[in-house]
Amino acid sequence: MENKTTYEYIPAFYAGRCIFITGGTGFMGKVLIEKILRSCPDVANIFVLIRPKKELSINDRLQKMLDNKLFDLLRSTQPSAFDKIIPISGNLAADNLGLLPSDREMLIEKVSIIFHNGANVRFDGSLKDMILNNTRGTLNTCILAENMKQLVVSVYYLLCKIRYY
């Protein structure tokens with residue numbers, strides 16, 4: 001039996017698969033997207049849930065994210081990898097993640113891997129907003145996952161600020 005390394009198994013696992021990421025514009029989300037694109041060149045698509053902001057569309061927010069220095073190596077070695085990122089308009093605090101019906105159907109049909117990383121970790125907003133973002137968003141992501149026809153794995157992780165006194 002051939003002895004394969006993790007470096008061979010992981011890219012093979014992601015090959016041809018579509019990924020859905022919440023929290024993709026946050027610190028950990030950016031790192032995750034860059035690592036997947038750089039290490040798993042045969043990934044099919046990465047759908048990133050992005051909330052439109054006051055003066056920025058989801059495409060503007062995606063471009064701003066990709067202009068980050070973190071993506072310099074990928075930009076110089078695999079510039080076509082960015083074509084695999086597909087922004088999806090949504091909001092964790094909204095019913096059904098604020099997805100358009102057509103986007104929801106596309107995710108249900110295509111996605112086989114979910115990374116639910118979206119949450120409000122600033123802790124300076126209202127309690128109601130925190131609950132909507134952090135619990136309703138997780139619930140709605142799970143409901144969406146339950147309907148996904150190709151789903152193989154769903155990962156939920158949350159990086160919280162911890163202060164030691």
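Reader: Hi! Is Leu97 buried or exposed?

Author: Leu97 counts as buried, at 1% relative accessibility. Buried means under 20% relative accessible area, exposed means over 50%, and partly exposed is in between, with a 1.4 Å probe and protein chains only. One thing to know early: this is a predicted model, where local features need pLDDT of at least 70, side-chain atom pairs count only at pLDDT 80 or more, and totals for chains, interfaces and linings use all residues. Residues are numbered from 1 along each chain as its sequence is written, and side-chain values use heavy atoms, with hydrogens and water left out.

Reader: Thanks! Where does Leu97 lie?

Author: Leu97 is in the loop between strand 3 and helix 5. Helices (H or I, at least four residues) and strands (E, at least two) are DSSP runs, numbered from the N terminus. Leu97 has a phi near 60°, a positive value in a residue other than glycine.

Reader: And what is phi of Asn96 near?

Author: For Asn96, phi is near 55°, again a positive value in a non-glycine residue. Asn96 also has its place in the loop between strand 3 and helix 5, and counts as partly exposed at 41% relative accessibility.

Reader: Let's switch to the sheet. In what order do the five strands come?

Author: The order is 3-2-1-4-5, in an open sheet with parallel pairing. Strand 3 (85-89) and strand 5 (153-156) each have a single partner strand, so these two stand at the edges and one side of each has no neighbour in the sheet. On average, neighbouring strands are turned by 20° against each other, direction ignored.

Reader: What does pairing take here?

Author: Two strands pair if DSSP finds at least two bridges between them. Strand 1 (residues 18-22) and strand 2 (residues 45-50), for instance, pair in the parallel sense over four bridges. Ile19 has Ile46 in strand 2 as its bridge partner.

Reader: Which helix packs on the sheet, touching strand 1, strand 2, strand 3 and strand 4?

Author: That is helix 5 (residues 101-110), whose direction makes about 110° with that of strand 4 (111-116). Helix 6 (residues 127-147) lies across strand 1, strand 4 and strand 5, and runs at about 170° to strand 4. Axes here are lines fitted to C-alpha atoms, for helices over the stretch in contact, and angles run from 0 to 180 degrees between N-to-C directions. Contact means heavy atoms within 4.5 Å.

Reader: While we're on helix 6, what is Asn133 in contact with?

Author: Asn133, which has its place in helix 6, is in contact with Asn91, Leu92, Ala93 and Asn120, leaving aside neighbours within four places in sequence. At 17% relative accessibility, Asn133 counts as buried. The C-alpha atoms of Asn133 and Gly118 are separated by 8.0 Å, with their positions 15 residues apart along the chain.

Reader: New topic: how many salt bridges are there in the whole structure?

Author: A search finds five. A salt bridge is a side-chain nitrogen of Lys or Arg within 4 Å of a carboxyl oxygen of Asp or Glu. One of them joins Asp95 and Arg136, with the closest N and O atoms 3.3 Å apart. Asp95 lies in the loop between strand 3 and helix 5 and Arg136 in helix 6, so this pair ties together parts 41 residues apart in sequence.

Reader: What about Glu109 and Lys149, how do their side chains meet?

Author: They meet in a salt bridge of 2.6 Å, N to O. This pair links distant parts of the chain, with Glu109 in helix 5 and Lys149 in the loop between helix 6 and strand 5, 40 residues apart. Salt bridges that share partners also join Lys69, Asp72 and Arg75 into one network, and the Asp72 to Lys69 bridge is 3.9 Å, N to O.

Reader: Last one: which side chain of opposite charge is nearest to Arg61?

Author: Asp60, at 9.2 Å, and Arg61 is buried with no salt bridge. For charges, Lys and Arg count as positive and Asp and Glu as negative, while His and the chain ends are not counted. Arg61 is found in helix 3 (residues 58-66), and a polar contact of 3.3 Å joins its side chain to that of Thr25. A polar contact is a pair of N or O atoms within 3.5 Å; within protein, one must be able to donate a hydrogen and the other to accept it, and residues adjacent in sequence count only if both atoms are side-chain atoms.
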